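Reader: I have just opened this model and would like a guided look at one spot in it. Could you help me read it, step by step?

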Amino acid sequence: MTGTGAEHSADCFIDSFQKLAENLDALVLDVKFGTAAFMQTKADARQTGARDGFAGQ
Amino acid sequence: MLMAIYFSGLNTAETRALTLAMRDSGDTLKFPRDKRPLVDKHSTGGVGDKVSLPLAPLLACLGFRVPMISGRGLGITGGTLDKLDSIPGFKTTLPTEQIIDIVQKVGCVIWREQTERMVPADKNCMRCAM
């Protein structure tokens, strides 16, 4: 990973907007965790998945 | 606006409103009516890139339609498109009509959006932020 977390987060955000333009029925959220991901622990990943999944309903 | 979001955050309703406004700022893909649901996958990012390539055809086999917009790598490992672009003759940039045609016929396509017509508001936001 060469950039900062903020840069990666912004890129992920943009990709998600483009996904919306696909007029989808459903979007699977792949929440990664670990030393090379934003979320360091499984608990953090579950929390993010629950929050973003709720926001997308 | 971006600074306000950075300092104050967004609640669920505000996130939803911003997201829909972003989507509606440009063109969207319009697929024919079909009993097969339209689905895609979005990753929160990280080193790995092992999900998109097997997932799209698997979902197509299960009866879904997958118009998967993908991106280039953000780090040293490269992204899904970087890997596909390394295959001689493989095209990741396609006209909209062909994307819809492939999805309807094959069930999935992995491609790169490169025009200013889809979600232009977020591109403008990024220009302001840089």
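How many helices and how many strands does chain A have? After that, please take me to B:M118: is B:M118 buried or exposed, and which residues does B:M118 touch, not counting those up to four places away in sequence?

Author: Happy to help! Please keep in mind that this is a predicted model. The predictor gives the complex an ipTM of 0.73 and a pTM of 0.76. Chain B, where your residue sits, has an average pLDDT of 87, and 95% of its residues score at least 70. As a general caution, where pLDDT is low, the predicted coordinates should not be read in detail.

Chain A comes first. Chain A has 2 helices and 1 strand, and from the N terminus on these elements run α-β-α. Chain A has 57 residues, of which 32% count as buried.

Now to B:M118 itself. You will find B:M118 in the loop between β3 and α6 of chain B. B:M118 has a relative accessible area of 6%, and because buried means under 20%, B:M118 is buried. Leaving aside neighbours within four places in sequence, B:M118 is in contact with two residues of chain A, A:Q18 and A:A21. From chain B, the residues that B:M118 touches are B:D27, B:L29, B:I69, B:W111, B:E113 and B:K123. For a sense of scale, B:M118 and B:D34 are 84 residues apart in sequence, with their C-alpha atoms 23 Å apart in space.

Some of those names return when we turn to the nonpolar residues. In soluble globular proteins, nonpolar side chains tend to be buried together. Here the largest nonpolar core has 16 residues, and B:M118 is one of those that touch the most other members, along with B:L29, B:F31, B:I99, B:V109 and B:W111. Three elements of chain B, namely α2 (12-23), α5 (96-106) and β3 (108-111), supply at least two residues each to this core. Of the contributors, α5(B) gives the most, with 3 residues. There is also a second, separate core of 9 residues, which includes B:L59, B:M68, B:L81 and B:L84.

Next, look at B:D27, one of the residues in contact with B:M118. In general, side chains of opposite charge can pair when their charged atoms come close. B:D27 forms a salt bridge with B:R117, and the closest N and O atoms of the pair are 3.1 Å apart. This salt bridge links distant parts of the chain, 90 residues apart: B:R117 belongs to the loop between β3 and α6 (120-129) of chain B, and B:D27 to the loop between α2 and β1 (39-43) of chain B. So the loop between β3 and α6 holds the buried B:M118, while B:R117 is exposed, with a relative accessible area of 51%. B:D27 counts as partly exposed, at 38% relative accessibility.

The structure holds 5 salt bridges over all chains. Another one joins the side chains of B:D24 and B:R23, at 2.9 Å from N to O, and B:R23 is partly exposed, with a relative accessible area of 23%. In chain A, the side chains of A:D30 and A:K32 meet in a salt bridge at 2.4 Å, N to O. Both of these chain A residues are buried.

Since you work at the bench, you may wonder about the cysteines. A search of the whole structure finds 0 disulfides over all chains. B:C61 is in no disulfide, and its nearest cysteine sulfur, that of B:C108, lies 7.9 Å away. A disulfide needs two sulfurs within 2.5 Å, so 7.9 Å is too far for a bond between B:C108 and B:C61. The two also sit in contrasting settings: B:C61 is exposed, with a relative accessible area of 70%, whereas B:C108 is buried, at 17%.

One last stop is the aromatic rings. The search finds 1 aromatic pair over all chains. The ring centres of B:Y6 and B:F7 are 5.2 Å apart and the planes stand at 85 degrees, so this pair is edge-to-face. Both B:Y6 and B:F7 are exposed.

To return to your question, B:M118 is buried, and its contacts include residues of chain A, A:Q18 and A:A21, as well as B:D27 and B:W111 of chain B.

How values were computed:
Residues are numbered from 1 along each chain as its sequence is written. Chains are lettered from A and ligands numbered from 1 in the order in which they are written. This is a predicted model: local features need pLDDT of at least 70, side-chain atom pairs count only at pLDDT 80 or more; totals for chains, interfaces and linings use all residues. Side-chain values use heavy atoms; hydrogens and water are left out. Buried means under 20% relative accessible area, exposed over 50%, partly exposed in between (1.4 Å probe, protein chains only). Rings of Phe, Tyr and Trp (its six-membered ring) pair if their centres lie within 6.5 Å; planes under 30 degrees apart count as stacked, over 60 as edge-to-face and the rest as tilted. A nonpolar core is a set of buried Ala, Val, Leu, Ile, Met, Phe, Trp, Tyr and Cys residues joined through side-chain atoms within 4.5 Å. Helices (H or I, at least four residues) and strands (E, at least two) are DSSP runs, numbered from the N terminus. Contact means heavy atoms within 4.5 Å. A salt bridge is a side-chain nitrogen of Lys or Arg within 4 Å of a carboxyl oxygen of Asp or Glu. pLDDT is the predictor's confidence in each residue, from 0 to 100.
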